[in-house]
Amino acid sequence: MVHHHRATLLLHHNQHSKAGDALLLMLAGFAVASCLLLLLPSSPFSAAMDDLLLQLGKTRCDQESRAPSPCSAVANGTICCDRTARRTDVCVMRGDIRTHAASNSLFLLLPANSSAARASDERIRPYTRKWESSVMSTIDELRLRATTEPEPEPARCDVRHNVTAVVFSTGGYTGNVYHEFNDGIIPLYITARRYDKKVVFVMLEYHDWWITKYGHIVEQLSDYAPVDFANDTRTHCFREAVVGLRIHDELAIDASRMPGNQGIQDFRHMLDDAYRDRIKAIVEEEEEKAVADSEAGLPPPPRSSSSSSSSVGGGMKILRATEPLGDDKPRLVIVSRNGSRAIENEADLVRAAAGAGFHVELLQPRPDTELAEMYRVLNGSDVMVGVHGAAMTHFLFMRPGSVFIQVVPLGTDWAAENYYGQPARRLGLRYIPYKILKSESSLYRRYSSDDPVLTDPVTVNAKGWQVTKKVYLDGQNVRLDMARFRRRLREAYAHWATQRRRQQSNRL
């Protein structure tokens with residue numbers, strides 16, 4: 001579960017008008033689903049409903065205003081700020097723009113004979129959660145000033161750029177992979193893609209580790225080295241600057257608002273390009289190590305009757321089932337959790353998945369796990385299974401047509417659907433939620449069977465974020481009912497088999 005649940009989760013339960021809209025949408029959805037079943041009697045209900053929800057998910061972005069941005073056309077020598085969006089502010093500057101780190105300012109220098117009416121002074125915190133005052137108060141405020149007499153005056157241009165600057169913060173909830181993609185990487189793609197890499201990223205609250213982690217993606221969006229605004233005291237000069245990032249929805253891209261109708265699948269193609277060379281290098285490193293071990297007389301990793309383990313790049317542990325990867329089985333990856341919301345009978349899940357016909361890998365990422373390693377594993381998988389939480393953001397690394405099974409603990413239904421379920425459908429994944437019964441929650445052993453914690457999570461969540469966090473996020477594990485969960489595994493396998501037959505038919 002991600003940090004912003006404390007705002008949006010509670011808001012959701014209290015806004016009755018939105019609940020009414022959701023009810024109407026749900027009723028319409030069931031009506032359409034019924035028609036689908038009548039027209040397609042041979043299709044399973046779950047497949048029809050998944051296709052329906054995919055279409056509904058694609059329209060969610062369309063609910064936002066389509067009015068032209070007030071800053072769609074900015075004259076030279078002016079600053080225009082679009083503050084109409086709920087999620088973010090974006091300002092555009094055109095003319096003689098100069099950075100001044102000491103005063104946290106961007107100056108737009110005007111000719112001495114300019115009209116005073118053209119002078120302006122704007123302030124902005126360039127982060128995509130403007131409705132959430134608690135985190136926005138931690139973001140550096142940037143001053144944008146159009147003036148004929150800047151104080152202090154940037155005397156000269158130390159570095160002159162002939163491309164646009166995009167200015168944003170890597171502060172806020174950075175450090176949580178969901179927020180890094182939802183609040184940062186995807187909005188950066190949305191904002192910068194139109195410049196075809198001819199753009200300089202100017203970063204507030206610059207972190208070396210962020211560049212290390214996301215450098216491969218940054219290189220796909222810009223041909224230039226990023227600027228550390230606070231610590232680079234040189235005066236950088238631009239002819240245009242976009243301050244703040246545009247955002248469409250949760251882990252989403254509205255193609256109708258992008259050049260060339262680029263959508264979330266185009267974003268994923270960009271990830272393919274970003275990690276291709278690094279993955280190739282990782283494979284070569286592993287092959288070289290295998291040769292060196294063989295020459296040294298070291299035995300290969302064992303294949304036992306249960307599993308074997310390995311550490312990829314020293315940053316991620318993978319427990320592999322016994323079958324070699326060269327066999328004809330689909331590949332299922334379980335993203336393991338430590339601490340809260342762990343699967344207590346994970347070993348049973350591994351055995352059940354293997355019995356259902358999958359080659360199983362248990363993925364245990366660490367904070368220092370290289371994203372290219374995660375991408376390599378998940379891009380090569382057919383099914384991902386995991387419990388609701390920030391790590392489910394890695395569904396973005398899966399190929400369209402793959403299966404994503406999200407285990408949904410008590411009290412997390414709305415967040416699981418909106419933050420991961422709908423975005424996964426937009427990407428083209430087959431999304432299969434597994435909502436646990438109260439008997440599958442560790443809370444069942446701590447509370448009486450009629451306690452609201454078990455019977456009415458909506459009311460409990462309405463008590464506030466701290467209660468939600470304590471009870472449902474930090475205080476809950478799951479023990480899967482394997483008889484129920486095997487049905488999800490069979491559904492995933494059937495989807496894989498159908499996809500495989502379709503691909504084989506297309507080759508003929």
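What follows is a chat between a student and a tutor about a predicted model of a protein.

Student: Let's start broad. How many helices and strands are there in the protein?

Tutor: There are 14 helices and 17 strands. The protein has 508 residues, and buried ones make up 50% of them.

Student: And how many salt bridges does a search of the whole structure find?

Tutor: The search finds 34.

Student: Take Glu141 and Arg123. What makes this pair a salt bridge?

Tutor: The closest N and O atoms of Glu141 and Arg123 are 3.8 Å apart. The cut-off is within 4 Å, so the pair counts as a salt bridge.

Student: Where in the chain do the two residues sit?

Tutor: Glu141 is in the loop between α4 (133-136) and β5 (142-147), while Arg123 belongs to strand β4 (residues 120-124). They are 18 residues apart, and the pair links distant parts of the chain.

Student: Why is Glu141 called partly exposed?

Tutor: Its relative accessibility is 33%. Buried needs under 20% and exposed needs over 50%, so Glu141 lands in between and is partly exposed. Arg123, with a relative accessible area of 45%, is partly exposed by that reasoning too.

Student: What about Asp348 and Arg351? How do you know that they form a salt bridge?

Tutor: Their closest N and O atoms are 2.4 Å apart. That is within 4 Å, so the pair qualifies. Both residues lie in helix α8 (residues 346-355), three residues apart, which is about one turn of the helix.

Student: Are those two buried or exposed, or in between?

Tutor: Asp348 has a relative accessible area of 30%, so Asp348 is partly exposed. Arg351 has 54% relative accessibility, and since that is over 50%, Arg351 counts as exposed.

Student: Why is Arg156 called exposed?

Tutor: Its relative accessible area is 57%. The label needs over 50%, so Arg156 gets it. Arg156 forms a salt bridge with Asp158, with the closest N and O atoms 3.0 Å apart. Asp158, at 35% relative accessibility, counts as partly exposed.

Student: Which residues are linked in a network of salt bridges?

Tutor: Arg83, Asp89, Glu122 and Lys130 are linked in that way.

Student: On to the helices. Why are α6 and α7 called oblique to each other?

Tutor: The axes of helix α6 (residues 208-221) and helix α7 (residues 264-295) cross at roughly 125 degrees and come within 9 Å. Roughly perpendicular covers 65 to 115 degrees, and roughly antiparallel starts over 145. The angle of roughly 125 degrees fits neither range, so the two helices are oblique. Their crossing is right-handed.

Student: Which residues make the contact?

Tutor: From α6 come His216, Ile217 and Gln220, and from α7 come Met270, Leu271, Asp273, Ala274, Tyr275 and Arg278. By class, that gives five nonpolar, two polar and two charged residues.

Student: Why does Ala274 count as buried?

Tutor: Ala274 has 7% relative accessibility, and the limit is under 20%, so Ala274 is buried. Leaving aside neighbours within four places in sequence, Ala274 is in contact with His216, Ile217 and Gln220. Ala274 and Val218 are 56 residues apart in sequence, yet 8.5 Å apart in space, C-alpha to C-alpha.

Student: One last thing: what makes helix α9 mostly covered?

Tutor: Seven of the nine residues in α9 (residues 371-379) are buried. Among them are Leu371, Met374, Tyr375 and Leu378.

Note on methods: Residues numbered from 1 in each chain as written. Predicted model: local features only at pLDDT ≥ 70, side-chain atom pairs only at ≥ 80, totals over all residues. Heavy atoms only, no water. Salt bridge = Lys/Arg side-chain N within 4 Å of Asp/Glu carboxyl O. Helix = DSSP H or I, 4+ residues; strand = E, 2+ residues; numbered from the N terminus. Buried < 20%, exposed > 50% of the residue type's maximum accessible area, 1.4 Å probe, protein only. Axes fitted to C-alpha atoms, helices over the stretch in contact; angles between N-to-C directions. Parallel < 35°, antiparallel > 145°, perpendicular 65-115°, else oblique. Left-handed = near helix turned anticlockwise from the far one by under 90°. Contact = heavy atoms within 4.5 Å. Nonpolar A, V, L, I, M, F, W, Y, C, P; charged D, E, K, R; others polar.
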